[in-house]
Structures are given as C-alpha cells and as structure tokens.
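The following exercises deal with side-chain pairs and their surroundings. Each task is followed by a solution in steps.

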Amino acid sequence: MVINSGEIENGSVIETEICVVGAGPAGIAFALEFVDTDIDVLLLESGDKQFKEDRQKLNKGKNEGVNEEIIEGISHYDLAEIRARAIGGSSHRWHIPLSEEEGDGVRLRGLDKMDFEKRDWVPNSGWPIQKEEVDPYFERAHQAFKIGPYRYDSDYWAGNGNGNGDVLNDGDIETTFFQFARKGVFYNDHWETLKNTGNIDVCFNATVLNIKLNKDAKAAYSLRVAGPDDKRFTVKASYYVLAQGGLEIPRLLLLSDDVMKCSVGNQNDLVGRYFMEHPHMEYGLFY
C-alpha cells in the first residue's frame, strides 16, 4: 500500500514489524526480500513518489575539510546535486548514457580484496570484515540491479565473448570490467512490485527526525517522523533499518542524543567521519 504522510493524523502512532528508513536502492532492495511474506514492513521515504526539486533543500550541506594540496585539480559535486529525495533515491542522479532505448544508467564494479585490507600507507585502513564475507550479498545485489553475474575478472569476460581478447595484465596496466544498470530499475521496475504487495507499506513525504532509545540505550524504542504542514507522528517497530545513505544515516544518528548524549552509536566519536565522496576530474581526451 502507498501512503502519503499528509494523510496520517497528527500525533498518530504506527506499529509494524520492520521499519526501513529510506526508499533508495538500499531500502528498496531490503524490502524486496519480504515481498509476499507474513512480515509487515513499513518503508519511509522523505521525498515524494517522483523526483521533485523542492524536496532537495533537505539535502543541502557544505563540503569542508578538503585538503587542497593533496587533491589539487580534483573537484567535488555539490551535496544537494549528488543525492535525490524520492522513491528510488539517488538512482535518479545516475547519468551514464547506455543506449537510445535504455536511456541513462549507472556504471558498477565490485570491490577488490585489497579494499578491505590494512595498508601501511593508508592511515586507519583495514576493515573488520573481508571480501569473502560480503561476496554472497554482492551476488544478491546483482539480482536487484538486474545485471549479469557477480564476476569482474578479465579472463571471465574476455572468454565469454564480451571482450576482444586483448586483455592487458602485465603488472603495469590492468584491464578491468564494469557492468551497467538501467536508471529506472528501482523507481520503475521494483516500485511496481512494492506498491502492489500486501504486506509492505510505502509512506512518502515522511522525514525521520529522531531515534528514540530505551532508557538503558540498548534498543531503539521508536522513530519521530515529520510530514507536510508540520505534522508529527511516531513509528514503533520490532526492527529498524537505516538505509538513507552515507550522509543521512550519520546525520540522523547524531541528531538522536536525548538518551545517549554522544548520539546513537557514537561512543568512539566516529559516526559521520571518513565519508568519501566521488571526486571527479578530466584525466584525458579520447579522439
């Protein structure tokens, strides 16, 4: 069912089993796991059903702390321009030309094993998990994106007729492969599935303001949500999933400081740090 938060009575309390905050690719992919099950899911989206510029004001922010000496000549996109508040989230910003029939899309590639490892020349590098542990989830993500198999090695693609055989891997030059997904796969294809599923409710124009914790701060008790015209309502769930992205999740956690004065999950003062945007530059011309 599709709900406009403006139709919810001010001060209401909505109860569900799972509440997912953010109906972008991550939130939609998670919700799809529960289609036609006996588990009730509520998907909250701050934006509208379609992308609208007037919702973008909530995405505004200032990109500070950039070391110009290290990344001279590299610019960063405006924070309001790289994200979109709407069903489908930032997939509305995908802009890689695919074909006349498919329109724009996104270029995708899996992470390398080295991305998870500690490197002496990269301060604070190293993850507590390894690539092998997340590989099964990347395989499932490929299904959500409706793309090919979870393979990015050059031998596989060149050997399956997708390359010209001239693969360069001599130590100095490495051939890599990408896959491409259509722009509308989440806000068109998957949206049609979600809105017609009986156990999943999608509520748009619903901005989560605060996470309420139990008094002992060991569990989330409820979410405080804002709708149009200064309406407020509460969502209570057995489980909460934050899927708003690398900026909005830390912002919500840091705003939620009524029980934990350091903010939710911020005992080590790391929430919101180490954010990495997509730098871009002109690195050459192809004639």
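**Exercise 1.** Examine the salt bridge between Glu 248 and Arg 251 and state the burial of each partner.

Solution. The model is a predicted one.
Step 1: the side chains of Glu 248 and Arg 251 form a salt bridge with an N to O distance of 2.8 Å, which lies within the 4 Å cut-off.
Step 2: both residues belong to helix 6 and are three residues apart, so about one helical turn separates them.
Step 3: Glu 248 has a relative accessible area of 13% and is therefore buried, because the limit for buried is under 20%.
Step 4: Arg 251, with 35%, is partly exposed.
Step 5: through shared partners, salt bridges connect Arg 83, Arg 85, Glu 248 and Arg 251 in one network.

**Exercise 2.** Find out where the partners of the salt bridge between Arg 83 and Glu 248 lie, and whether they are buried or exposed.

Solution. Step 1: the N to O distance between the side chains of Arg 83 and Glu 248 is 2.4 Å.
Step 2: Arg 83 sits in the loop between helix 2 (79-82) and strand 4 (96-99), while Glu 248 is in helix 6 (residues 248-255); the pair links distant parts of the chain, 165 residues apart.
Step 3: Arg 83 and Glu 248 are both buried.

**Exercise 3.** Compare the burial of the two partners in the salt bridge of Asp 48 and Lys 52.

Solution. Step 1: the structure holds 16 salt bridges in total. In the one between Asp 48 and Lys 52, the closest N and O atoms are 3.1 Å apart.
Step 2: Asp 48 has a relative accessible area of 10% and is buried.
Step 3: Lys 52 has a relative accessibility of 39% and is partly exposed.

**Exercise 4.** Describe the surroundings of Gln 56.

Solution. Step 1: Gln 56 is located in the loop between strand 3 (41-44) and helix 2.
Step 2: its relative accessibility is 5%, so Gln 56 counts as buried.
Step 3: leaving aside residues up to four places away in sequence, Gln 56 touches Phe 51, Ala 80, Arg 83, Ala 84, Arg 85 and Arg 93.
Step 4: the side chain of Gln 56 also reaches the backbone oxygen of Ala 80, at 2.9 Å.

**Exercise 5.** Classify the ring pairs of Trp 94 with Phe 145 and with Phe 186.

Solution. Step 1: the count of aromatic pairs is six. Trp 94 and Phe 145 make a pair with 5.9 Å centre to centre and 25 degrees between the planes; planes under 30 degrees apart count as stacked, so this pair is stacked.
Step 2: Trp 94 lies in the loop between helix 2 and strand 4 and Phe 145 in helix 3 (residues 131-145), so the pair ties together parts 51 residues apart in sequence.
Step 3: Trp 94 is buried at 15% relative accessible area, and Phe 145 is buried at 17%.
Step 4: Trp 94 and Phe 186 have their centres 6.3 Å apart and their planes at 75 degrees, an edge-to-face pair.
Step 5: Phe 186 is in helix 5 (residues 186-195), 92 residues apart from Trp 94. Phe 186 is buried, with a relative accessible area of 1%.
Step 6: the ring pairs link Trp 94, Phe 145 and Phe 186 into a cluster.

**Exercise 6.** Which ring has Arg 107 over its face?

Solution. The ring is that of Phe 178, with Arg 107 at 5.8 Å from the ring centre.

Key
Residues numbered from 1 in each chain as written. Predicted model: local features only at pLDDT ≥ 70, side-chain atom pairs only at ≥ 80, totals over all residues. Heavy atoms only, no water. Buried < 20%, exposed > 50% of the residue type's maximum accessible area, 1.4 Å probe, protein only. Helix = DSSP H or I, 4+ residues; strand = E, 2+ residues; numbered from the N terminus. Polar contact = N/O pair within 3.5 Å; in protein donor to acceptor, adjacent residues only side chain to side chain. Contact = heavy atoms within 4.5 Å. Phe/Tyr/Trp six-rings, centres within 6.5 Å; stacked < 30°, edge-to-face > 60°. Lys NZ or Arg CZ within 6 Å of the ring centre and 35° of its normal.
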